[in-house]
Structure formats: structure tokens, C-alpha cells
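Colleague: Could you pick one part of this model and take me through it closely, together with whatever surrounds it? I would like the cut-offs behind your terms as well.

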Amino acid sequence: MLLYILKRVVSAISVVVVTLVASFALFFLAPTDPAGTICGTRCNADRLAEIRSSLGLDEPPIEQIGGYMKGILVGRDYTTSGVVQHCDAPCLGYSYTLGQPVTKLLAQALPVTVSIVLGGAVVYLFFGVLFGTLSAQRRGGTLDRALIGSSIVINSIPYFVVAVLVALYVTVLPHSEYHPLLSNPLLWASGLVAAWLTLGLTNAAAYTRYSRASMIESLGQDFVRTARSKGISERRVVYRHGLRAALTPVVTIFGIDLAGQLTGAIFTEQIFGLPGIGVLTLRAFNQYDLPVLMGCVLLGSVVLVVMNLVVDIVYTVLDPRVRLG
Amino acid sequence: MSDQTLRGPETVVRTPRKAATGEAYLEVSDLRVQFPTADGTVDAVQGLSYSLPLGRTLAIVGESGSGKSVSSMAVLGLHDPRGTRITGSIKVGGKQVVGMSADELRRYRGADAAMIFQDPQSSLHPYFTIGDQIMESYRAHHKVSKRVAKAQAIDMLGRVGIPNPQRRISSYPHEFSGGMRQRAMIAMALVNDPKLLIADEPTTALDVTVQAQILDLIGDLQRDFGSAVVFITHDLGVVAEVADDVLVMYAGNAVEHGPVGKVLGAPLHPYTWGLLESLPALSGEPAPLHPIPGSPPSLLAVPSGCPFHPRCEFRDRVGGEHCTTVHPGLVPRTADTGRLSRCHLKDPDRVYQIEILPRLP
């Protein structure tokens, strides 16, 4: 098990390195002109060259990427207008437009995204699995049709439309804004509740269908018939025996979804005005703020490989037949 | 195919384990099970009646779709009431199972009657330990602590011949071999000491040597517990091995019922003859088998009259349109009133002796 995790960590690191090199090539060597953007409209050649050299854009690509990696591992020095500034490892550079270290910007945005996504996940897992189970139990009945029908309707509307509608018209919910959890848990929760419900209920629609399908399969298994023949209550048959086996496929989808959402819940953050990774990425993208964009991509790839590993480890807990190795 | 299947009918000459004594513990009368579907009503069981006293084993024989499993599932009340129509009567130890409320059923299942299923690999829950699953059965009917239930489970595992039960109790089903899994399944079924045990093809998924062990185990436990056993199988070798009585089913009907030695030794129904003729011989000249022509009817549209008539080579012996129009009753056809058969033939014992017996390998 430990050896397995070690192997996975090594392969995860290589995935992250490949992502780093590929996105570095895409962003830094593509015909974008961050220096020109920073320089603005009243720009002259000298000023442009100065900005270029301060950003290191005049160096050969290999040196640029080498410097970037060195920054991540041991930190690096930046020289701006003759002033040397040291950036501690892991250094992802400085934002072109905000002048702040990328790591600091990510550290500010990540808790916002994590708060939105985990809260939303609690909502959609709970309601999705509950509705899916009820649906599977009453397959073909009125409740089943109603739940599956509304699930399809909800998922047919683009997510951002739902989010905008909630943000504009569901005024009973507290105003959306981000407060750190540790400073005031109550404010933290009330500021996120609208985002949680929007993210949670729209995803719950999809999870209702996943859980229903998985549960129908599980309830048709021989071991469920065995459970019923033992003389235990129907609730125990469905929830302990049926649901237990139905959860594994749902967990697989959940792991992938969660990883995707953690790399930035762009619509949710933007529409509810929550300054998370998604908003940070979007802003960096619009302003050619390449170091920030690189930081977001790197963070995303780390989140993805870590979540994959976590899902695989969770499997061994869920299903005793799965042994890692 | 198992070695038991290959064993010809000559091995069936054995005395019943115990004479039929005492009153019936399981009494099924005029049981009908129907599944309404979009294509029409499936008549899975059509008026099945039989009874079984404690200490005796009844083998229900028939091919897939003959109603043997469906009727036994009904005895345990395992059919989904929303998709099944059940009429008639099933009495187990005096309790009427047909029409029981969900709560009564819960208390009845596992306590008065228990079931061993065909494939222990899929019938045991893959995510719970063997001990967990046996303890759950015990605690469903006994208000005891986990510790007491665990002791009971260990004891039961020992009784079904699992070595080192204290340790094996925390194993998962996939860590057991096929035979051990079926032993665990039997332990789970017997942990509440039910007086009726239904074994639904318990050896089909096992290899031949293990089959024999499991059959012996069920026989031994039946003697210890004094329970009534219904043994569902399509393997005539198994029937000869374990049963006191045999009930042959075809298309949702019982077509022959009687003590095992007589039914397999001198059957009275053309379908039973066909089953025996389909068995290959282990010794002597290899001869072509004589299978039953055609295939079993759809239960959506059971043939009129005798359901076996489209496949029966003897229907010309019966006068008129009897076979195609009149459903024969399950009644004694010979002087021996202990044997019942559902056939219009006037002298089935003579037909068997003169025409069938010489053809048997």
C-alpha cells in the first residue's frame, strides 16, 4: 500500500512536470504580448524593452522555463528597475498586473473555491444519492417520474443561466460574499449559501440519475435477495445492502467532478462575486497575466492527480476486494 | 456436467431416509404465481399443491422456467408484491404466508424458513465480512449483543465445517473458495434454526468434488436440526442422492409427485421418461441420447389441455382430443395411491415397462 502510494506520487509528479512544460510552451512562446499590454498605449521601444527584460521575456525559452522550475524548487531573484527582489520557493513568479507573488494570489483564492465546492458537494451528494435511491426503489412510479423528469429539465438549462436566475431572483438567500471560515463561521456560511444551493441542486439533478442507475443495478443483485431472505427490514435491505454496493460507481464520478470543480468553479464564482480560483484564472486570461495563469494551471493539475489518487485509495475502503498494488 | 448427472437411474434404489411421519410442516395448496407484464400475464406457477413433514427432503425437479424457483421464492415471500399476483395457500408451521404483511414476513423469513441460493459468489454481499452477514441474520431474530451473535456465528461456521472459524469470521466472501462460500451461506441460513430450509440449486455453481461435500453437509445438518428441506435442482443425480420425495414440474405445473425410488425407478409421466432418456449412460455401448423433442412453452401462452401435449409422443394413445383440450388432474394413476401424475394415459406403468425401460441406457 505504501509502496503503491509512493509509485503513484512519482507518476503524479511526472504528470505535473509534463503539464508545466506543455503549458509553459503554450503560454510563454505563443504570440501573446504581455509586455505590450503592461506598457499600454503610450509606449515607446525603450520602455517596452525594459519591461521585457524585467519580465525575463528577452531570455531564450529554455532559460525562461529553467528559471521558472528553479523558482518552484529553490526560489529565485527578480530584478525590477535595478532593485533585486527575492522570491521564496515555491516561487511561481509575480503577477504582471497586480505585482504580487502568484503563490499569495493562489493562497487567497483557493479557500474560496474549496469552500464553494465542498459545501456544494455536500448538498449534491446528499440530495442526489437520496433522490436516486428513492427513485430506484419506486422505479416507474410517480415519484420516480417526477424526480427524473425534473432532473432532466434542470440539466437541460445551461448552468450559468440557473446561477444568474438564482443570483437575481432568489432574494431570500443571504447576500453572497466571501468571509474566511476561521474569522467568522456564520458569516462564511451565510455568504456561501446561495452558491452552495445553486451548485448543489443543479449537480444533484445529475447525481440523482447516476445514483438511480447504480441503485437499480444493485437492487437487482443476488445479494440483495439474500438480504431480504434473512428477515431484516426493507430499509436495511435497501440502505445497508443495496446502497453500499451502489456507492462505488457514484464515488468514481464524484472524484472526477470534484477535481474539475476545484480547479475553479468559474460560473459560480463569477456570478456570485466570490473571488476564487476560477475568477483569478479568468482575470489572468483576459489580461495576459501569464504567471498567474501558469499558477492556476499548475494548481489544477496538482488537484487532478491528487484527487485521482484519493479516489483510488477510497476504493480500497469502499470495496474490500480492491487491493492496491 | 457433474458425475451425479451421469449416474443412471439404476442407482436410485435406496430406502427413504425416514418414513413420512407426522403432519406437514410446509403445506402448499393451489398456489398460483402470476407476473403481469406488458406482453401479457406470465403464469409461472399454476395451481401447485404439495406438503412436506419435518425431517423429510423434497426435491423439485424441472427445467428453467418450470416454476420450481418461483414457487419456492413464494414460500419465502420473496416476490415483489407490486409485480406479482399470488393466490392459493402456503402454510409453514401453521402460518399462512400468502398475504402476510411486510412486518410479519420480516419476522417469518429467516426464522421459520430460510433459503440457500444457487451461486454463493453473487448471493453473499461482497462488501461485508462473512461474520457480519451471519451475525446480521442472527440479530434480525434475536435481541442479543454483538458479542453473543459473534459467538453464535463462530459456532455455526464450525458446524458447517469451516476450519478455524474464529479467524475466518472476519474474512470477506472473495477470500473464501466456492465450497467454503456455500458452507458460509448454509451457516447463515441455519443460524436461526429454521424448521424449513429451501436449497435452490445449491451445488450448481460448485465443482464436482465440492458438490458431493455440500450435499452431505446439508443431509447431516438436516438430521441434526430435524428440518424439512426443499431441494430445487435440475440434476437427477442430486435428486437420487438427497431426496425422499420428488416433485417434477413442467410449465408451471406439478406433473409427477411421489417417493424418489418410485418416481425415478418407474416414472408414470412422459415428461419424466424424457428426462431419464436424456441422461447419458456411464457404462456399456455409447448410444445416441433420446432427448425430448421441441422446447418448453412460453409461460405467456401455456398450451391448452395438457401443457406437455405438443412435445408428447404418446398423445395418440389417448382417445379423442383429450390431450389438447382437457387439463389432466394430478391424481393417482395406478394402484399405488402414494404417487401422483398428471397424464391422460390409461396404463402409464405398462408403457414404461414395455417401451421406455428397454430404451434407457
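Modeller: Happy to: what follows is a close look at helix α10 of chain A, residues 234-262, and then at its wider setting.

A little bookkeeping comes before that. This is a predicted model, in which local features need pLDDT of at least 70 and side-chain atom pairs count only at pLDDT 80 or more, while totals for chains, interfaces and linings use all residues. Residues are numbered from 1 along each chain as its sequence is written, and chains are lettered from A and ligands numbered from 1 in the order in which they are written.

Chain A has 13 helices and two strands (DSSP runs numbered from the N terminus: helices are H or I with at least four residues, strands are E with at least two). Its C-alpha trace spans about 85 × 55 × 40 Å along the principal axes. Domain 1 covers 33-91 and domain 2 covers 103-318, with bounds that come from an automatic or database domain assignment. The C-alpha centres of these two domains of chain A are 39 Å apart.

Now to the helix pairs. Axes here are lines fitted to C-alpha atoms, for helices over the stretch in contact, with angles running from 0 to 180 degrees between N-to-C directions. A crossing is left-handed if the near helix is turned anticlockwise from the far one by less than a right angle, and right-handed if clockwise. Two residues are in contact if their C-beta atoms, placed from the backbone, lie within 7 Å. For classes, Ala, Val, Leu, Ile, Met, Phe, Trp, Tyr, Cys and Pro are nonpolar, Asp, Glu, Lys and Arg are charged, and the others, Gly among them, are polar.

One partner of α10(A) is helix α8 of chain A, residues 185-219: the two axes come within 8 Å and cross at roughly 140°. That crossing is right-handed. From α8(A) the contact uses A:Y210, A:S211, A:S214, A:M215, A:S218 and A:L219, and from α10(A) it uses A:G242, A:L243, A:A245, A:A246, A:P249, A:V250 and A:I253. Sorted by class, nine of the residues in this contact are nonpolar, four are polar and none is charged.

The other partner to look at is α5(A), whose axis comes within 10 Å of that of α10(A) and crosses it at roughly 145°. Here too the crossing is right-handed. On the α5(A) side you will find A:T113, A:V114, A:V117, A:A121, A:L125, A:V129, A:T133 and A:Q137, which meet A:V238, A:L243, A:V250, A:F254, A:L258, A:Q261 and A:L262 of α10(A). This contact counts eleven nonpolar and four polar residues, with no charged ones. A:L243 and A:V250 take part in both helix pairs.

The partner chain also reaches this helix. The contact between the chains takes 19 residues from chain A and 24 residues from chain B. On the chain A side, α9 (222-229) and α10 are the elements that give two or more residues. The largest share, seven residues, comes from α9(A). The chain A side as a whole divides into five nonpolar, six polar and eight charged residues.

What about burial in chain A? A residue is buried if 20 or more other C-beta atoms lie within 10 Å of its own, exposed if 12 or fewer, and partly exposed in between. By that count 34% of the 325 residues of chain A are buried. As for sequence range, among contacts in chain A between residues at least 6 apart in sequence, 66% join residues at least 24 apart.

Finally, the nonpolar core, meaning buried Ala, Val, Leu, Ile, Met, Phe, Trp, Tyr and Cys residues joined through C-beta atoms within 7 Å. The largest has 168 residues, and those with the most contacts inside it include B:A187, B:V239 and B:V246. Helix α5 of chain A (residues 102-137) contributes the most, 13 residues. Both domain 1 and domain 2 of chain A supply at least three residues each. Over in chain B, B:A187 touches B:I134, B:M156, B:L157 and B:V160, leaving out residues up to four places away in sequence.
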